[in-house]
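Student: I have a model open and would like to learn how to read its features. Could you take me through it step by step?

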Amino acid sequence: MPPEEVTPANGDAEPAPAADQDEGDRAAASSVVQPIKSPCSRDFYKAAHSSGTRELSAIDLIVLHDEEASTARAAAAYFQSPESTGSAHLCVDDRICYRCLANEDIPWAAPGANENGFHIEQAGFARWSTVVWKKHQLTLQRAAYKTAFHCKLFGIPVRFVDWRKLRAGASGITTHRQVSRAFGGSHQDPGLFWPRALFMWYCRRYYRELG
Ligand SMILES: [Zn+2]
């Protein structure tokens, strides 16, 4: 992804009138904010690269990334292109979630946690400060809701798993940065200043709401 300027989201943004658009256009319109609990769009389904399939019972990690792009659309479109060198299950931003691979598909996301990981890409950059991440509450909330939903679906505990626990085979929620530290790799996303405690708080809240 080419570097882009940091543009803080308007957390108060209201969906724009879309009376003259059909349903598909409405979902794609950049000014429309989809509710956090909306099903993911399949406009970019599916990603060009995966490594076969797995049993759903093999999934015991949710792995969080950043996209090094400022929109989910840019990341999902990149994954769909044959020239891409990666893939993930979901791409989220302040406005929308795109489904890029089926749950069964083994992504090209983080070596060491591909076969057993469900991978979620957040719009944003590893260089972002905590202040900038917190301007994107809707991205954090959307990623946290999808995390909680899939924890429930796959029977994964809502707890953060660091690199030591990853090496020990623990199940839970982690980041690409922790996977790199545990199993090798250079990727440090979603960065040092991604607000993990806030994110986990949202995950626990949504998990409770899911009942
Ligand atoms: Zn990553």
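Student: Let's begin with a pair of helices. Which way does H4 pass H7, in a left-handed or a right-handed crossing?

Tutor: The crossing of H4 with H7 is right-handed. Keep in mind throughout that this is a predicted model.

Student: What else describes such a pair?

Tutor: The general idea is that two packed helices are described by the angle between their axes and the distance between the axes. In this case the axes of H4 and H7 cross at roughly 50° and come within 8 Å. That angle makes H4 oblique to H7.

Student: Which residues of H4 and H7 meet?

Tutor: On the H4 side they include Leu-140, Ala-144, Ala-148 and Phe-149. On the H7 side they include Leu-198, Tyr-202, Tyr-206 and Leu-210.

Student: Where do these helices sit in the overall layout?

Tutor: The protein has 7 helices and 5 strands, and along the sequence they follow the pattern α-β-α-β-β-β-α-α-α-β-α-α. H4 covers residues 137–154 and H7 covers 196–210.

Student: In what order do the 5 strands stand in the sheet?

Tutor: The sheet is open, and its order is E3-E2-E4-E1-E5, with mixed pairing. From one strand to the next, the twist averages 20°.

Student: Which strands stand at the edges?

Tutor: E3 and E5 do. Each has a single partner strand, so one side of each is left without a neighbour in the sheet.

Student: How does E4 pair with E1 and E2?

Tutor: Bridges are what to look for. E1, residues 61–66, runs parallel to E4 and is joined to it by 6 bridges. E2, residues 90–92, also pairs with E4 in the parallel sense, over 3 bridges. Ile-120 makes a good landmark to click on: Leu-64 has Ile-120 as its bridge partner in E4, and Leu-90 stands opposite Ile-120.

Student: Why is E4 described as largely enclosed by the rest of the structure?

Tutor: For burial, count the other C-beta atoms within 10 Å of a residue's own; 20 or more makes it buried. In E4, residues 117–122, 6 of the 6 residues are buried, so the strand is largely enclosed by the rest of the structure. Gly-117, His-119 and Glu-121 point one way, while Phe-118, Ile-120 and Gln-122 point the other way, and all are buried. For the protein as a whole, buried residues make up 42% of the 211 residues.

Student: And how does H4 run relative to E4?

Tutor: H4 runs at about 170° to E4, lying across E1, E2, E3, E4 and E5.

Student: Which residues of the largest nonpolar core touch the most other members?

Tutor: Among the 49 residues of that core, they are Ala-72, Leu-90, Cys-91, Tyr-98, Cys-100 and Ala-144. Elements that each supply at least two residues include E1, E2, E4, H2, H6 and H7. The largest share, 6 residues, comes from H4.

Student: What does Tyr-98 touch, leaving out residues up to four places away in sequence?

Tutor: Its contacts include Phe-44, Ala-72, Ala-76, Leu-90 and Cys-91. Contacts across the sequence can also be summed up for the whole protein: of those between residues at least 6 apart in sequence, 69% join residues at least 24 apart.

Student: Could we compare two single residues, Val-179 and Phe-193?

Tutor: Gladly. Val-179 lies in helix H6 and is buried, with 26 other C-beta atoms within 10 Å. Not counting residues up to four places away in sequence, Val-179 touches several residues, among them Val-63, Ala-110, Leu-166 and Thr-174.

Student: And Phe-193?

Tutor: Phe-193 is in the loop between H6 and H7. Phe-193 is partly exposed, with 15 other C-beta atoms within 10 Å. Beyond the residues up to four places away in sequence, Phe-193 touches Trp-128, Ser-129, Thr-130 and Trp-133.

Student: How many residues apart along the chain are Phe-193 and Ser-129?

Tutor: They are 64 residues apart along the chain, while their C-alpha atoms are separated by 5.3 Å.

Terms used
Residues are numbered from 1 along each chain as its sequence is written. This is a predicted model: local features need pLDDT of at least 70, side-chain atom pairs count only at pLDDT 80 or more; totals for chains, interfaces and linings use all residues. Helices (H or I, at least four residues) and strands (E, at least two) are DSSP runs, numbered from the N terminus. A residue is buried if 20 or more other C-beta atoms lie within 10 Å of its own, exposed if 12 or fewer, and partly exposed in between; C-beta atoms are placed from the backbone. Two residues are in contact if their C-beta atoms, placed from the backbone, lie within 7 Å. Two strands pair if DSSP finds at least two bridges between them. A nonpolar core is a set of buried Ala, Val, Leu, Ile, Met, Phe, Trp, Tyr and Cys residues joined through C-beta atoms within 7 Å. Axes are lines fitted to C-alpha atoms, for helices over the stretch in contact, and angles run from 0 to 180 degrees between N-to-C directions. Angles under 35 degrees count as roughly parallel, over 145 as roughly antiparallel, 65 to 115 as roughly perpendicular and the rest as oblique. A crossing is left-handed if the near helix is turned anticlockwise from the far one by less than a right angle, and right-handed if clockwise.
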